[in-house]
Amino acid sequence: MKTLKITTVLVAIIIATGFASQLMAQELTGREIVDKVYNLPTGEDQTSDLTMTLINKSGQERIRKIKQFTKDLGDVEKSIMFFQSPADVKNTSFMNWTYDDESKSDDQWIYLPALKKTKRISSDSKSDYFMGSDFTYDDLGDRKLDDDTHKLMGEETIDGVDYYMIESTPQDEEYMYSKTKTWIRKDNFIGLKKKFYDEDEELLKILKIKKFEEISGFIVITSSEMENVQKNHRTTMILNNVEINTNIPTSKFSERMMMRGM
Amino acid sequence: MEVTWKVEQIIKLITMKTKGLIIAIILLATNQPTIAQNVDINGFVRNYTGLLYNNGEFNMLQNTLNVNFEKMGDRVAFKANPMLYLYGIDSLDFRLREIYLDLYFDNFDIRIGKQQIVWGKADGVFITDIVSPLDLQEFLLPDFDEIRVGVYAAKVDYYFGNSTIELIWKPVYAGNEFPGPGSIWYKPPDFPAPPTFDYSKEKIDPSLENSEVYLKYSLSSSAIDFDLMGAYTWDQTPSMHVEKQFELDSVDNSVLTGLLITPEHHRLIVAGGSFTSTIKSFVVRGEAAYYNGKYFQTADPTADGALTQKDYLHYVVGLDYGVGHLKLSAQFIQKYIMDYNDFIDEEEFGNTMTFLARYDAMRETLHLELFSYIGLNYGDALIRPKVTYDFSDSFSILLGSNIFVGDEQGMFGRYGDNSMIYTKIKYSF
């Protein structure tokens, strides 16, 4: 299990900004557009309930429920997640510390209540899928800006909304995606769709944003869906009870709290 | 109505047993909505069926009910974890694995009651993890969350920065539990004469003087997690004091006619520590403890009670690696007896390795796992392949095997006749 910053996550892919009108007037490169997307404000801290539904090709559903807390402490962002269902992972918790220093790997721990043990785990495998879903850890926001080369491919108008079309190609040729294509709204920098291509440059997955809301002055993606078009299964993510800037104590992000629970 | 009837039948059955009343209360509690609304109830029901390879006999027919009752508040919490094992059709074993109260303060927490305490960073080996003894009645086969025995203790954790100091006071002794005669896991040594056992010294009465104390400092940082521990404890395995009994034969020669064996626990002082850190995709782990005052069985004719007291060092180093859905882990474990002599009934260096390979497939619904202990001194091993399929989020089926191979002198090879295939069907709620 690896890091998850679901709210910052989808925000990182898509987000909105109040400076959109100023930016529109400028000639932006692909990298500059994605940089704006990756660095938009998300608040000092955030609390939410995540419901993740895994749907297979027969339409059968498996549901995971998670309570999550995130806090930005300047040079480090800490997050902690408490698994509420299914029953066999209930009370499992996961903590992640992400550093601004890009040369420094994330620190991650998982607490397994049956074993009564907190284990440090490696954060290096960003291409792993999160809890059997269609989202990899990279998809969920672990990707760094310069891990890819971003190229502005053009502009497109869909249903009266103007979009930038960005193509991102990984620096690492061995990476699981050969490229991604993202549609980012020109008026407010919200991206509504992203396509992922496999190593053979075949379309692998499509991410669609179903709903975003303004909460405490910040744009938060509250409903999204990732579909694997090759295997015909998909995952939906819905955020509820989102609270921003509630002054979560720093002590929340500790082994003590992982073991104690919510 | 039907539910009520079933509950009555269950209660009637259970109350026939000595410990039935407690179980009945628990079952009734689960049927009381008022309680259930306030207390979080979860757990599992599991069927475990095992078959021996060598004779086709069922060595395991077990049904288990595990229930956790938990209630958490801002300042206080409690947990009770009864477990009910049904062997065959009528042999009930009830265990209240844990029942404790938690008290939360700003910088420290207190836990009082029967509890399982887990220390250390190693997997499947117990080096600084000595607070809770082990239930070894089925050797090392139970899941590691079930192999530990709850202990009656008061635990205080004091927090400052990323550090924690943990102090445990254990007033009631609890030792490792071993298989008895009749069990396929009971392997008595070859005695040179008929033994007689005197268990009068085995019991340790609960008293202040007989208490155990454990202390640990731990730190979680971005670079490394480590802890240092010390313990004034009892050896959880009793030492066997052997008194030889002789008689004179017809020509006045002294002949060994019997052994009087007196199991007795002795004090141990233990100091150690553990660490874990990450290097790229690897997790490096280590754990070591120095045991002072352990009694070892000896063949030295001058030794009192056929025992000799020595110190020993026990340590493990391990490496975990993950790539995609594949997880690999290896550990090397060594036990080194200091000031060794050849009379001691154990190797000077006891070397063991463990390997784990795990692969998750089909969106983490199919799990393939191979875990093994390998005894390097005698070239023996316990190999544990298993496949688990999650039919749903709450229902899984496991098919596995425990294969003992190698020299019969080794701790795994000696169970060569106990190799088995088994299934576990589990419903979590």
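What pLDDT does chain B average? In this predicted model, the average for chain B is 91, and 91% of the residues score at least 70. The exception worth pausing on is residues 1-23 of chain B, where pLDDT stays under 50 and the model has 16 contacts beyond four places in sequence. Where pLDDT is low, the predicted coordinates should not be read in detail. For the complex, the predictor gives an ipTM of 0.85 and a pTM of 0.86.

Turning to the interface, 24 residues of chain A are in contact with 26 residues of chain B. On the chain B side, at least two residues each come from α4 (144-147), β14 (267-279), β15 (282-297) and β16 (307-323). By character, the residues of chain B that touch chain A comprise 12 polar, eight nonpolar and six charged.

The interior is also worth a tour. The largest nonpolar core contains 40 residues, and I33(A), I80(A), M81(A), M95(A) and I184(A) have the most contacts inside it. Leaving aside residues up to four places away in sequence, I184(A) touches I33(A), V37(A), Y163(A), Y164(A), I166(A), F189(A) and G191(A). A second, separate core has 23 residues, among them V131(B), Y291(B), Y315(B) and I337(B).

Two of the residues touched by I184(A), namely I33(A) and V37(A), reappear in helix α3 (residues 30-38) of chain A, whose buried residues are G30(A), I33(A), V34(A) and V37(A). These buried residues lie on the same side of α3(A) because they cover an arc of only 90° around the axis. An α-helix has 3.6 residues a turn, so residues three or four places apart point the same way.

Notes. Residues numbered from 1 in each chain as written. Chains lettered and ligands numbered in written order. Predicted model: local features only at pLDDT ≥ 70, side-chain atom pairs only at ≥ 80, totals over all residues. Contact = placed C-beta atoms within 7 Å. Helix = DSSP H or I, 4+ residues; strand = E, 2+ residues; numbered from the N terminus. Nonpolar A, V, L, I, M, F, W, Y, C, P; charged D, E, K, R; others polar. Core = buried A, V, L, I, M, F, W, Y, C linked by C-beta atoms within 7 Å. Buried ≥ 20, exposed ≤ 12 C-beta atoms within 10 Å, placed from the backbone. pLDDT = per-residue confidence, 0-100. Arc of directions from axis to C-beta.
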